[in-house]
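Trainee: Could you take me through the backbone of this model closely, with attention to the places where the chain does something out of the ordinary? A plain account will do.

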Amino acid sequence: MREKGLLALIFVFFFVLFSPAFAQKTIKVGIVDTYTGPATTFTFDVRDAFDLVVKDVNKKGGVLGRKIEYTTRDEKFKPDVGLAMAKELLLKERVDILMGTINSATALAISDLAKKEKVPFFVTFAKSDKITGEKGHRYVFGMNENTEMAGRAAAYALSKMPYTKYWIAGDDYEYGHAIASAVWRHLKRLKPEVEKIGETWWKVGEADFTPYITQILAAKPDFIIVATGGAGMVNFQRAAKATGLASKIPFYQHTAIEHSVLSPQGLNAPEGVWGTCNYLFYYPDTKENREFVEEFRKAYNRYPKVGALYGYVTAKFIVEGFKKAKTIDKEKFIDAIEGMSVDSPVGKLELRKCDHQLVLPMYFGRTKKVGGWDFLIAGDLQTIPGKDYMPPCEEVLKLRK
Amino acid sequence: MDLYAVLSQILVGLSRTVILFIVSSGLSLILGVLRIPNVAHGSLYMIGAYAAYTISKYFGGQDTGFWVALFGAPLFVAFLSFIVERSVFQFLYEREHLMLVLLTFGFSLIFGDLVKLVWGGEYKTVPVPRIFQGYILLFEHLHLPIYNAFLIIIGPVVALLLWLFVNKTKMGKISRAAAVDREMVGAVGINVSWVFGVTFVIGCFLAGLGGMLVAPTISVTLGMDHSLIMESFLIVIIGGLGNIWGALLGALIFGLTQSLGILLWPQFGIVFPYAAVVLVLVFKPKGLLKSTW
Amino acid sequence: MGKKGLIPIAFLLLLLFPFFLPRFYVYLSSLILIHGLLATSLNFVLGFGGMYQFHHCVFYGVGGYTTALLLTKTSLSPFLAFLAAPFASAILSILMGVICVRLSKLYFGMLQISLGSLVWAIVYRWYSFTGGDDGIHGIPIPHLLASTNSAYYFTLVITALSMFAMYRMLVSPFGKTLQGIRDNPVRCEMIGVNVKLHQLLALIIAGFFAGVAGMLFVIVDTTVFPEMLFWTLSLEVLIMCLVGGWFTFFGPLLGAAILIILRTIISTYTVYWALVLGVIMTLIIFFLPNGILGYIEEKLKRG
C-alpha cells in the first residue's frame, strides 16, 4: 500500500532534518528529570543550582578550554520516556555525562544504560539505595542521600533520645518501606531495648490521615517514625496538626525540616516535628552557605532547597573532575573523581571511592516558629557527620555480589 | 481489627466520599445531559484548588480568604469552562464518544501545562479557617478534624441543591428533557445550545468546588487531577450515567472500599475499589441506579 | 504499480536503516515499530472491531513482565521466555474478554479500565515478585540480540510478521464479519453470527500481539516497570490510533511514528510537550476526524 511508502518518506525526511551533532568543542551534560507534576518542587532547584555553577565557570573560560553546555529533558516521571531520552542525549546529542532524575525506576534504568555505554551518570534525587548499593557499578554516582543513609542517620539521632515504644507508619510504596525499615533496623542495632508496638501503612497520595492517626493515638506510643515522601510529607503534617497529634506524640519524618516541606505551609505547619535533611539555607551559618544563598536568591528570587545542594555539588564534581583529569576522557574523569572532595555550601564533600556515594552531613532537628520568618524553620539542630552514619564500604560492596 | 479502626476509616471514607461525589456529580451531569465524557473535568478540579490558593492568599491567607475562595474559586472555574464551552465544545456535541474522550484529554493536557506555567511547580497549601481548626473527639478516641465534619455536612447539602435544580427548576427540567431527546426540545422552540451551555458550566462549577474544598486538607500539586478523573469516571459509571444519586452511591462505594480495603489487606488496599467496580458492572452492567441514557 | 507493491519496498528500506542511520535513530525506529505494533493491535479491536478497549496496555505490560520475570527468575531458554509473553497476554485477554464482552461502548471501556487497573495494582504492589514501583532493570538479553542493530532487526522482523498476520486476519472472512459487527451488531446477530464469540476472538488476538510488543520492548530497552500497565499509556496509544487514522490499517503505525518523533523533537526545545500534544490533538480531531492517513486515503479515493 502506498501509505507505507509515504511513511518511509516521512521517516527519511525527519532523520535527515535532525541528523546528529557535529564535532564538539564543549563538554556536554545531559539532564533527564521530571519537570512535570508534583516532583517539580524538588527538581527545578537541582537544575537551577547546576546552572549557576555552569554559568560561573563558563564566564571564567570553562574547563580545559571548553565551555560546559547542558541540556534538559522532561521525563514526566515515566521510566520509558526517561530511558528513551537518556538514549537520545547519549546517542544523538553525544553528551559526555548524564545526570538527573528524581524517579528511582528511571534512575535504575538509566544506570543500566550508563553501565553498558560506559558513560558517567550522576543521580541527583532518586532515593533508592539500590542505585549505589546492590545495583551500583563504575559509572553511576549517588549525589544525594539514599534511604539507607537517611535511615542510619535518623537511627543514630533517635538512639540518643529517651523513647522506647515506637510506632511506624508511612506511604505504602518502595520509598516509604525502605526508609522505615532502614530506620528501624539500625535503631534496633544501636539501642536494642526499643520496641515496635505497631505499624500503619496508607496508600500513596492519601489525603486524609485521620483514621491512621486515631489508631496511633489510641496505642499511645512514645514516638512515631513516619515514612512519607513527596506531597505526603506536607499532607501528613497538616493532618498531624488538625488532629492534635503533633502536640501529643513526637514524630520523625525524613526531610520534615526541609524548606520544600515547610515553606508551602507558611506559619500553619506543626511545631516540634523531628526531621533530617542534607541542606538548610540558614544552617550552618557559614560564609560559603551565605554566599551561595545570596547568589541563588539573586538569580531566582527564592531560597535554595535541598535539591540546590545536589545540583551545585554535581556541577562542582564535573568541573573539578575534568580539571583534575586534564582530559575529557571519561575513564580518566571517573578515576579522577573517585575519592575526590569539592567545596560546597555545607563544607568539603567527598565522593567515596568504594561505592561512588557522596558523603553528606545530615542535619537533625525539629520544626519551630522563629520571629521574622513567615514559615517554620528547624531548631535544636545537630550535625551528624558522614563518618557517624554512612554505611561502611564493605557492607555496600557485599550487596553487589 | 478493632471497632474504632473500622469506625474511623468509615468517617474518613465519608469525607473522601464528599469530594468524590461533588466532582463526580458534575461529571455525571455533563455526561448525562450533554453526552460529553469530559476528561478535562479533573483539570478543572485542579484549577479549582489552585484558584482557591491564589484567592485565599490575596485576601490575607486566613478566614476571609477561605470564605471568598469558597465561592470565588468555583466561579472562576465556571467562567473558564464557559469560555471553553462557547468556543469549542458547543460545536462537538454530535461527535463520536471516543473522539470526545480524546479531545477532552487533549484539553486536560493543555490545562495541566497552563497550570504549570501560571502557578509553577511548588507545593501550595490553603489554610483551614479558624472555626474549622482543631478536632472533635468522638467515642473518646476518634479524632475527627472539624473541617472533615464540615465536609460531611456539605456533601448532602450539595446533593440536595443539585437535586432541586434538576427536578424543580425549569432549566433543570429542560435539561433533563434534552438529555432524553434533544431534537424534540429544540423543536418546541427552546434554544438547546444554551441549555447545554448552562448545564456544562454548572458541572464544571462542581469540579471547581470539589477542588476548592479539598485544598485545605492537602498540598495542592500538579498532577492532582490524574487519579481523581479516573475515579470519577468509574463512580459515574457504577452509579448510572447522569444520575445524581447514583453519583452519590458510587462515591460512597468508592470512598468506603478504599478506606476499609486498607484495613483488610494493607498491601493490596488499592485493589478494592476497582474490584468493587468490576463486581457492580458484572451484575449491573448499566450501573446501580437508573441511567438517563 | 499497485499500492501493495510499496510494502516490500518500505520493508527493504527499513532493513537498510542501520546502514545509514546513526544508532539513536535505529533505536528510535525500534521504539516506533514496537508502539506501532501495539497501536495496530489495539486498532484491531478499536477501529475494526468497534470495541472501546480503553486499557490496552495491560496486555503490553503483562507481555513485558512475563518475559522479564522468566529471564531474571528462571534459567529457561530466552527464546521460550519471548514465546511465553504473547501467550500470557492472550490468556489474560480471555479472562478479561469473557467478563467485558457482554457490555458495549463506554461501559465496555470502563469495565476494561477497572479490570486493567486491578492488574496494574497487583504489579505495582507485589514487591517481592514484580519489583513493585521500581520495576526490573538490566534484564539479561541473549548476546545475539543485545546490540542496538540486532534488537532492531529482531523487532522489525517480528513486527512485520505480526502486522502481516493481523492484516491477513482482517481480510479473511473472520475480519469481514468483525467489521460487519462493528457497523451493525444487531443485524449480524439476526443473520446468525455469534457476535460475542467473534468479539472475544478479536480481543484475544489483539491481546496476543500487544504481548508481542511488550516482549519486544524488553529486548530493546532491557527494562520493565509498572507504568507500562498504567492507563495513561493506554490513552497515549489510543491517541496514536486516532492521529494516524483508526479506520486504516497502517494509521496506528503512522500515528506512533508521528507521536514518538514529535515527542523526541519537541522535548529538545521545551518542557511543555503536553501543551503541544494537546493542541495538536485538538486540531486533528477538529479538522481531520479520520486521522492523517484516513484523510490521505479519502483524498486518493476522490482522485
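Mentor: Keep in mind throughout that this is a predicted model. Chain A is the place to start, and its overall build gives the setting for the details. Chain A holds 15 helices and 15 strands. Its radius of gyration is 22 Å, close to the 21 Å that the globule rule gives for 401 residues, so chain A is as compact as a globular protein of that length. Along the principal axes, the C-alpha atoms of chain A fill a box of roughly 70 × 60 × 45 Å. Of the 401 residues in chain A, 60% are buried. Among contacts in chain A with a separation of 6 or more, 68% are between residues 24 or more positions apart.

Now the backbone itself. Most peptide bonds are trans, and most residues other than glycine have a negative phi. Chain A has departures from both habits, including the three below.

Take the peptide bond first. Between Tyr283(A) and Pro284(A) the bond is cis, with omega near -5°. Pro284(A) sits in the loop that runs from β10 (274–277) to α11 (287–300) of chain A.

Helix α11 also leads to the next site. Asn301(A) lies in the loop between α11 and α12 (306–325) of chain A. Asn301(A) is not a glycine, yet its phi is positive, near 60°. As for its surroundings, Asn301(A) has 7 other C-beta atoms within 10 Å; a residue with 12 or fewer counts as exposed, so Asn301(A) is exposed.

Leu64(A) is another residue of this kind: its phi is positive, about 50°, although Leu64(A) is not a glycine. This leucine is placed in the loop between α2 (40–59) and β2 (67–74) of chain A. Leu64(A) has 13 C-beta neighbours inside 10 Å and therefore counts as partly exposed. The exposed class ends at 12 and the buried class begins at 20, which is why a count of 13 falls in between.

Chain B offers a glycine to set beside these two. Just after helix α4(B), Gly120(B) takes a positive phi of about 75°. The helix before it, α4 of chain B, covers residues 97–119, which is 23 residues. From its first C-alpha to its last, α4(B) reaches 32 Å, close to the 33 Å expected at 1.5 Å a residue. Helix α4(B) is mostly covered, with 17 of its 23 residues buried.

Key: Residues numbered from 1 in each chain as written. Chains lettered and ligands numbered in written order. Predicted model: local features only at pLDDT ≥ 70, side-chain atom pairs only at ≥ 80, totals over all residues. Helix = DSSP H or I, 4+ residues; strand = E, 2+ residues; numbered from the N terminus. Expected span 1.5 Å × (residues − 1). Rg over C-alpha atoms; globule rule 2.2 N^0.38 Å. Contact = placed C-beta atoms within 7 Å.
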